[in-house]
Structures are given as structure tokens and as C-alpha cells.
Amino acid sequence: MHAFKSTGWKSVGVQLIFAILYIAAAIYVWAFPIPALEAITLWLAAIFFITGFLRLISAFQHRHFAEWFWLALSAVISILMGVLIMNNFPAASLCLPGLLIAVELLLQGWSLFFMGLAARSLTK
């Protein structure tokens, strides 16, 4: 529906391609849930590795804050979660993704909370 509300043939074309890809992915997940869950688990491992390394770079760029350690710790734990996924693949595909996403969100919130406290202390 969004594709047909867009203006211009390029925008409509791109939106139609995205719609077809989303529909195809949904049909695949519905038809083959276990292989789809395994693919999602591999994507999670890649996301944890990439965000962990990027967060580690960010932590070292913010070393002038006293709380930079929390961001670095969050990054290391994200990388370790990626390793955990790969070590237990494919058996871990059934339960591990939800648990790791919850842990990742908690760690990210915790590290951003401390970075916010550090930034607030600079303004005083």
C-alpha cells in the first residue's frame, strides 16, 4: 500500500521491490520456521560481532570520560555473545536469540546511562 502512495516511478519501484522481498521472507519463515530461525541466529551473531567492535571503538574514543569502561565492557560482552552463538550453533537457535537480545538491550541501556551521567557532569 505504501508503494502505491509514493510519488515518482523510482520510489514506487523501490517500495514494490521491498514489499515483494518482505512477502517472500514472510512466506519462507512461515513455511520453514526452523531454517529461518537458524538464519536469524546467524544474523544475530554477525550483528553482535559488528556492534561489539563498533562500540569498542566508540569506547576508546571516549576515554576522557571516567565511565568509558562501561561502554567497553558492553562491547566485550556483545562480542562474547556472538562467540557464544557460534559455539552452540545450530542447537542454540531455539532459545538463545531471545535471551541474548534481552541481555544486549540491558547492557546497551546501562552503558548509555553511564555515558549520559558523564556528559551531564561535563555541563556542570
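## Working through a predicted helical model

Val14, Ile17, Phe18, Leu21 and Tyr22 make up a nonpolar patch on the surface, and together they have about 550 Å² of accessible area. Keep in mind that this is a predicted model. Grab the structure above and let's work through some exercises.

### Exercise 1: a residue from the patch

Find out where Leu21 is placed, and decide whether Leu21 is buried or exposed.

*Solution.*
- Step 1. Look along the chain: Leu21 sits in helix α2, which covers residues 9-31.
- Step 2. Check the relative accessible area, which is 53% for Leu21.
- Step 3. Exposed means over 50%, so Leu21 is exposed.
- Step 4. Link this back to the surface: Leu21 belongs to the nonpolar patch, along with Val14, Ile17, Phe18 and Tyr22.

### Exercise 2: two helices side by side

Work out how helix α3 runs relative to helix α4.

*Solution.*
- Step 1. Pick out the two helices: α3 spans residues 33-61 and α4 spans residues 68-87.
- Step 2. A pair of packed helices is described by two things, the angle between the axes and the distance between them.
- Step 3. Here the axes come within 8 Å and cross at roughly 160°.
- Step 4. Angles over 145 degrees count as roughly antiparallel, so α3 is roughly antiparallel to α4.
- Step 5. Add the handedness: α3 passes α4 in a left-handed crossing.

### Exercise 3: residues in those two helices

Sort Phe49, Gly82 and Phe69 by how accessible they are.

*Solution.*
- Step 1. Start with Phe49, which is found in α3. Its relative accessibility is 26%, so Phe49 counts as partly exposed.
- Step 2. Move to Gly82 in α4. With 0% relative accessibility, Gly82 counts as buried.
- Step 3. Phe69 is in α4 too. Phe69 has a relative accessible area of 45%, so Phe69 is partly exposed.
- Step 4. Now try some C-alpha distances. Phe49 and Ala75 are 26 residues apart in sequence, with 8.9 Å between their C-alpha atoms.
- Step 5. Gly82 and Thr41 are 41 residues apart along the chain, and their C-alpha atoms are separated by 9.7 Å.
- Step 6. For Phe69 and Leu106, 37 residues apart in sequence, the C-alpha atoms are 16 Å apart.

### Exercise 4: hunting for a salt bridge

How many salt bridges does a search of the whole structure find, and which side chains meet there?

*Solution.*
- Step 1. Recall that side chains of opposite charge can pair when their charged atoms come close.
- Step 2. The search of the whole structure turns up one salt bridge.
- Step 3. The side chains of Arg55 and Glu104 meet there, at 2.7 Å from N to O.
- Step 4. Arg55 is in α3 and Glu104 is in α5 (residues 96-123), so the pair ties together parts that are 49 residues apart in sequence.
- Step 5. Check the cover: Arg55 counts as buried at 10% relative accessibility, and Glu104, with a relative accessible area of 10%, is buried as well.

### Exercise 5: a residue in α5

Decide whether Thr123 is buried or exposed.

*Solution.*
- Step 1. Place the residue: Thr123 lies in helix α5.
- Step 2. Its relative accessible area is 66%, so Thr123 is exposed.
- Step 3. For a distance, take Leu71: the C-alpha atoms of Thr123 and Leu71 are separated by 20 Å, and the two residues are 52 apart along the chain.

Key:
Residues numbered from 1 in each chain as written. Predicted model: local features only at pLDDT ≥ 70, side-chain atom pairs only at ≥ 80, totals over all residues. Heavy atoms only, no water. Patch = residues over 30% accessible without salt bridge, like charges linked within 9 Å, V, L, I, M, F, W, Y side chains within 5 Å. Areas by Shrake-Rupley, 256 points an atom, 1.4 Å probe, with all protein chains shown as cover. Salt bridge = Lys/Arg side-chain N within 4 Å of Asp/Glu carboxyl O. Helix = DSSP H or I, 4+ residues; strand = E, 2+ residues; numbered from the N terminus. Buried < 20%, exposed > 50% of the residue type's maximum accessible area, 1.4 Å probe, protein only. Axes fitted to C-alpha atoms, helices over the stretch in contact; angles between N-to-C directions. Parallel < 35°, antiparallel > 145°, perpendicular 65-115°, else oblique. Left-handed = near helix turned anticlockwise from the far one by under 90°.
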